Amino acid sequence: MTAPTVRRLGPDDAAAFQALRLQGLLECPSAFASSHAEEVTLPMATVAERLAGDGPLGVYGAFDATGRLVGVACLGRESMAKLAHKAVLWGMYVEPAARRQGLAGRLVAEVLAQARRLAGVRQVTLGVESGNTAARALYASLGFVAWGTEPAATWADGRAFDETWMVCALAEPPAATSAAAARPALAVMIHSADPEGARAWYQRLWPQAQAVHVAEPQPFDLLLHDGVQLEFVPADAKVASGAAGSVVYWPVDDFEAMRTHAEALGAQLYRGPMRIDAGRTMAQFKDPWGNLFGLRGA
């Protein structure tokens with residue numbers, strides 16, 4: 001067994017790709033413009049031909065530790081001259097058993113890294129079924145911004161589904177770092193004796209945070225704040241709540257106003273305040289379960 005990997009697919013992957021693609025079309029018909037009925041009869045030679053090529057444009061696959069294909073994402077590009085600055089992420093799917101393992105994020109990150117290799121491409125666009133809050137949260141955490149919603153964009157199983165359109169502007173990564181190294185943290189896991197209470201408290205602390213419900217493979221509720229997922233889980237013998245280890249610092253526009261807000265909700269000043277660079281102030285606070293978080297701002 002090896003570590004999970006992400007790589008571009010080729011003609012030799014046609015059978016595995018087609019099987020996973022058809023699985024996705026059956027499981028999530030509202031997530032795709034195509035349908036199982038339209039693709040199930042495609043000759044394997046046609047599928048293999050579509051996977052041919054060696055440039056950035058193509059299909060990327062996530063493979064689990066056994067080497068089995070469990071996720072795919074496709075990178076295309078607009079062909080018209082005035083639209084050629086836009087690449088397109090499409091056909092994203094990870095099978096249920098492989099979700100919540102970071103593979104979807106790795107797939108999207110790889111597609112973005114490959115898009116940066118395309119001369120003249122300045123942004124990557126995608127469409128996501130508006131009710132798929134988990135997918136929208138994932139894309140937002142990797143730099144995509146929603147700019148509009150198309151009502152009744154698709155029709156599947158006798159009902160209409162809205163489509164949310166998102167775009168990610170491609171900034172050049174620093175020369176000394178890779179695209180992967182330049183990505184921000186994806187999630188912060190907060191342990192407590194009352195995960196639901198903790199989630200409600202942090203929602204009050206960050207009222208602008210988006211509440212996200214993940215339905216599969218297990219129901220799970222989280223918050224999305226500044227592109228980072230806040231995940232609330234029970235404290236246990238391995239990871240307890242409390243003031244130990246790493247402290248995540250959140251940027252704020254007005255330090256004193258945010259400090260007053262946090263303390264009004266029951267947060268306790270733990271260390272600081274301390275003046276730092278560029279006229280900013282930093283401090284650490286305890287939440288009601290004893291976990292630390294930090295604030296930095298002017």
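Where does Asp157 lie? Asp157 lies in the loop between E6 and strand E7 (159-169). More on that residue below; here are my notes, point by point.

1. First, the overall picture. Keep in mind that this is a predicted model. The chain has 298 residues, and 42% of them count as buried. Its secondary structure adds up to 7 helices and 15 strands. Taken along the principal axes, the C-alpha atoms fill a box of roughly 65 × 45 × 40 Å.

2. Next, surface and contacts. The chain has an accessible surface of about 15,500 Å², and carbon and sulfur atoms supply 55% of that. If you look at contacts in the chain with a separation of 6 or more, 61% come from residues 24 or more positions apart.

3. Now the helix pair I'd look at on screen. Helix H6 covers residues 195-205 and helix H7 covers residues 255-264; the two pack at an angle of about 150°, and their axes are 10 Å apart. Angles over 145 degrees count as roughly antiparallel, so H6 is roughly antiparallel to H7. The crossing of H6 past H7 is right-handed.

4. Who makes that contact? On the H6 side you'll find Trp201, Arg204 and Leu205, and on the H7 side Met258, His261 and Ala262. By type, the contact residues of H6 with H7 split into 4 nonpolar, 1 polar and 1 charged.

5. Met258 deserves its own point. This residue sits in helix H7 and is one of the residues in the contact with H6. Is Met258 buried or exposed? Met258 has a relative accessibility of 13%, and the cut-off for buried is under 20%, so Met258 counts as buried. Leaving aside residues up to four places away in sequence, Met258 touches Leu205, Trp206, Val252 and Leu295. Leu205 also turns up on the H6 side of the helix contact. For a sense of distance, Met258 and Ala134 are 28 Å apart in space, C-alpha to C-alpha, with their positions 124 residues apart in sequence.

6. Strand E6 (residues 145-156) holds Pro151. With a relative accessible area of 61%, Pro151 is exposed. Pro151 and Thr164 are 13 residues apart in sequence, and their C-alpha atoms are 8.7 Å apart in space.

7. Ala152 is also placed in strand E6. What is unusual to check here is the backbone: Ala152 has a positive phi of about 50° although it is not a glycine. As for cover, Ala152 is partly exposed, at a relative accessible area of 45%.

8. Back to Asp157, in the loop between E6 and E7. Phi of Asp157 is near 50°, again a positive value in a residue other than glycine. Which way does the accessibility go, buried or exposed? Asp157 comes out exposed, with a relative accessible area of 71%; the cut-off for exposed is over 50%.

9. Last, a peptide bond to inspect. What is the geometry of the bond from Gly272 to Pro273? That peptide bond is cis, with omega near 5°. Pro273 belongs to strand E13, which covers residues 268-275.

Definitions and conventions. Residues numbered from 1 in each chain as written. Predicted model: local features only at pLDDT ≥ 70, side-chain atom pairs only at ≥ 80, totals over all residues. Heavy atoms only, no water. Axes fitted to C-alpha atoms, helices over the stretch in contact; angles between N-to-C directions. Helix = DSSP H or I, 4+ residues; strand = E, 2+ residues; numbered from the N terminus. Parallel < 35°, antiparallel > 145°, perpendicular 65-115°, else oblique. Left-handed = near helix turned anticlockwise from the far one by under 90°. Contact = heavy atoms within 4.5 Å. Nonpolar A, V, L, I, M, F, W, Y, C, P; charged D, E, K, R; others polar. Buried < 20%, exposed > 50% of the residue type's maximum accessible area, 1.4 Å probe, protein only. Areas by Shrake-Rupley, 256 points an atom, 1.4 Å probe, with all protein chains shown as cover.
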